[in-house]
Amino acid sequence: MAEILDRNQQRALELANRYRAVMEQVGRALWAKPEVGLEEYHSAALLLSLFRREGFRVTAGIGGFPTGFVAEFGQGGPVAAILCEYDALPNLSTATPGANGHGCGHNLFAAAAVGTALVLRDVLREGQLPGTIRVYGTPGEENYASKAYYVNQGLMDDVDFSVGFHAHDENKVNYTVSAGTLTKNYTFHGKPAHAGNYPWLGNSALDAVELMNVACNYLREHVPTDVRIQYIITKGGDAPNIVPEIAQSQYVVRAARRATMDRVSERVDDCAHAAALATGCTVDIDYVDRTYNTVLLREYAELAQKYLEAVGAPAFTREELENARQYGDGSGLHQEITPLPWAEGYQGGATDEGDVSWIMPHVSIYVANVARNTPGHTLQMTAQGNCSAAYTAMETQVKAVSAMILDLFAHPQTVELLKAAHKKKMGEDRYPKNPAYWPDPKAFLNCQGVEISGQEIAVDFSRLILLPQDFSGRVTVEKEGKVAASFEQSGSAQSQMALGQGDSLSVFATGEDGKQQLIGYWNL
């Protein structure tokens, strides 16, 4: 099917071959220094440096995430969002036992996003094609869902369509709905008493937690088959001889549709209230996080399938094929293109790509970076994520995605048709945007290169990981939007306002152009 490719698309295939080395460098560098969500400072710095060097318009520290960014190239025409993830997972290193590792292949996700952006940039430079590429660096996919924050804050409102990448064991267009998830904390408050002498004087918060769990376990029989109700007990009391005054659990409700998820979550709330009533306790219910189910668009999936088939399956070497047989189920790498299913599938995993798909047409093209039936979030996944075969597959992925995006740039009327189809599929459903939806500064590490002791603030420019190279400007440490201290070079100063326990401060870098970049937080 390669004959369907026009001159620009053929050029994109050539460029993907050329940028294979760059993609490998990025993927291997991220794999060698894996950082979990909200801690991807070195990973973000590497990507930011690359995009700045390559002539992209870069805005860093977006959405309240120091490690978030947008890198843009081109002008006019449709706006394409290229999603980029780079967070790792704990305890999944194959190099150092117990350390972080890329057990979900996000090093490959980021490398593919880089490769696609560079390919499209060169085609836009060389031709007369109007179009805008926008790479969204999205931290914490595994643990904090930054894309949901971007969507809520309107950072993607002017995007026409988006595309994602993911490591997989199969060459296919994703046509499987991922679950929506809703996470809440349930904190029960009882009355302490000596558990041996006077237990009747107490009200056990732990009893309430356990009664809620029993009630929810009975609830499982009466929810749709796509629903999952999962929990952990995060606090069970302080000592077994004291009637627990405070106990806490965390629940996650998953479902294929937002409405179902919300209804079941309300039933879980009812179980909590009932357990509190039965035990003479009270309960506080605190929202933690949510991601939305993915919205699949048949028309977009068919377009992606067309270009995946046009490019063809990855051209693995004999050595790559043989090496892969030690992983997964032993059958090696997938070497075909899976046909697009007739109907949508469903799987209980979740991704914040779902939030993006609620506001625009979105698709993901998967390629066989790993051997068949390799389980995700495992050491096997980590090991294969830095093998030669993973990058051979990625090259195919970049070719297919680039060709597809160039088709949409060349035919803006197709983009409008996709947007109309998306609107029709959503019907009366709307994403409930909240512009004030902002990450909690306390979820982040204290900014390396900043030290605060009492009322004294010290900044070491050489240790500020996200400070742009050859930075010339000012670094400010701010509390509630007001400057506590300002620095044009490394040094220390007394805070201009009182600092106290529990304060969260933001660290900003402001360049000569006046653009401000969030580079970290400090929590007292």
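Student: In which sense does α1 pass α4, left-handed or right-handed?

Tutor: This is a predicted model, in which local features need pLDDT of at least 70 and side-chain atom pairs count only at pLDDT 80 or more, while totals for chains, interfaces and linings use all residues. Residues are numbered from 1 along each chain as its sequence is written, and side-chain values use heavy atoms, with hydrogens and water left out. Helices (H or I, at least four residues) and strands (E, at least two) are DSSP runs, numbered from the N terminus. A crossing is left-handed if the near helix is turned anticlockwise from the far one by less than a right angle and right-handed if clockwise, and the crossing in which α1 passes α4 is right-handed.

Student: Which term describes how α1 is set to α4?

Tutor: Axes are lines fitted to C-alpha atoms, for helices over the stretch in contact, and angles run from 0 to 180 degrees between N-to-C directions. Angles under 35 degrees count as roughly parallel, over 145 as roughly antiparallel, 65 to 115 as roughly perpendicular and the rest as oblique. The axes of helix α1 (residues 7-18) and helix α4 (residues 106-126) cross at roughly 135° and come within 9 Å. This angle is therefore the one that makes α1, with respect to α4, oblique.

Student: How many residues of the contact of α1 with α4 are charged?

Tutor: With contact meaning heavy atoms within 4.5 Å, Asn8, Arg11, Ala12, Leu15, Ala16 and Arg18 of α1 meet Val119, Asp122, Val123 and Glu126 of α4. Sorting them by kind (Ala, Val, Leu, Ile, Met, Phe, Trp, Tyr, Cys and Pro as nonpolar, Asp, Glu, Lys and Arg as charged, and the others, Gly among them, as polar) gives five nonpolar residues, one polar, and the charged ones, which number four.

Student: Which are the edge strands of the open sheet of seven strands?

Tutor: Two strands pair if DSSP finds at least two bridges between them. The seven strands are ordered β1-β2-β4-β3-β5-β12-β6, with mixed pairing. Pairing on one side only marks the edge strands, which are β1 (57-60) and β6 (172-173).

Student: What is the bridge partner of Leu83 in β4?

Tutor: Strand β3 (residues 79-84) pairs with strand β4 (residues 131-137) over six bridges, in the parallel sense. Helix α3 (residues 41-53) lies across these two strands as well as β1 and β2 (69-75), and runs at about 155° to β1. Within β4, Leu83 has as its bridge partner Tyr136.

Student: By how much does the sheet β13-β14-β17 twist on average from one strand to the next?

Tutor: Three strands make up this open sheet, and their pairing is antiparallel. Because β13 (450-453) and β17 (491-494) each have a single partner strand, they stand at the edges and leave one side without a neighbour in the sheet. From one strand to the next, the twist averages 15°.

Student: Which residue in the turn of the hairpin of β13 and β14 has a positive phi?

Tutor: β13 and β14 pair over four bridges in the antiparallel sense, and one bridge sets Ile452 against Ile457 of β14. Two residues lie between the strands of this hairpin, and the one in the turn with a positive phi of about 65° is Gly454.

Student: Which residues form the uncovered face of β14?

Tutor: In a regular strand the side chains alternate between the two faces of the sheet. Strand β14 (residues 456-459) is joined to β17 by four bridges, and Ala458 stands opposite Ser492 there. Its covered face holds Ile457 and Val459, whereas the uncovered face holds Glu456 and Ala458.

Student: Is Asn213 buried or exposed?

Tutor: Buried means under 20% relative accessible area and exposed over 50%, with partly exposed in between (1.4 Å probe, protein chains only). Asn213 is found in helix α6 (residues 205-219), and, not counting residues up to four places away in sequence, Asn213 touches Tyr231, Ile233 and Tyr251. Because its relative accessible area is 5%, Asn213 is buried.

Student: What relative accessible area does Gln153 have?

Tutor: Gln153 is found in the loop between α5 (146-152) and β5 (161-168). Leaving aside neighbours within four places in sequence, the contacts of Gln153 are Gly63, Asn434, Pro435, Tyr437, Trp438 and Pro439. Gln153 is buried, and its relative accessible area is 18%.
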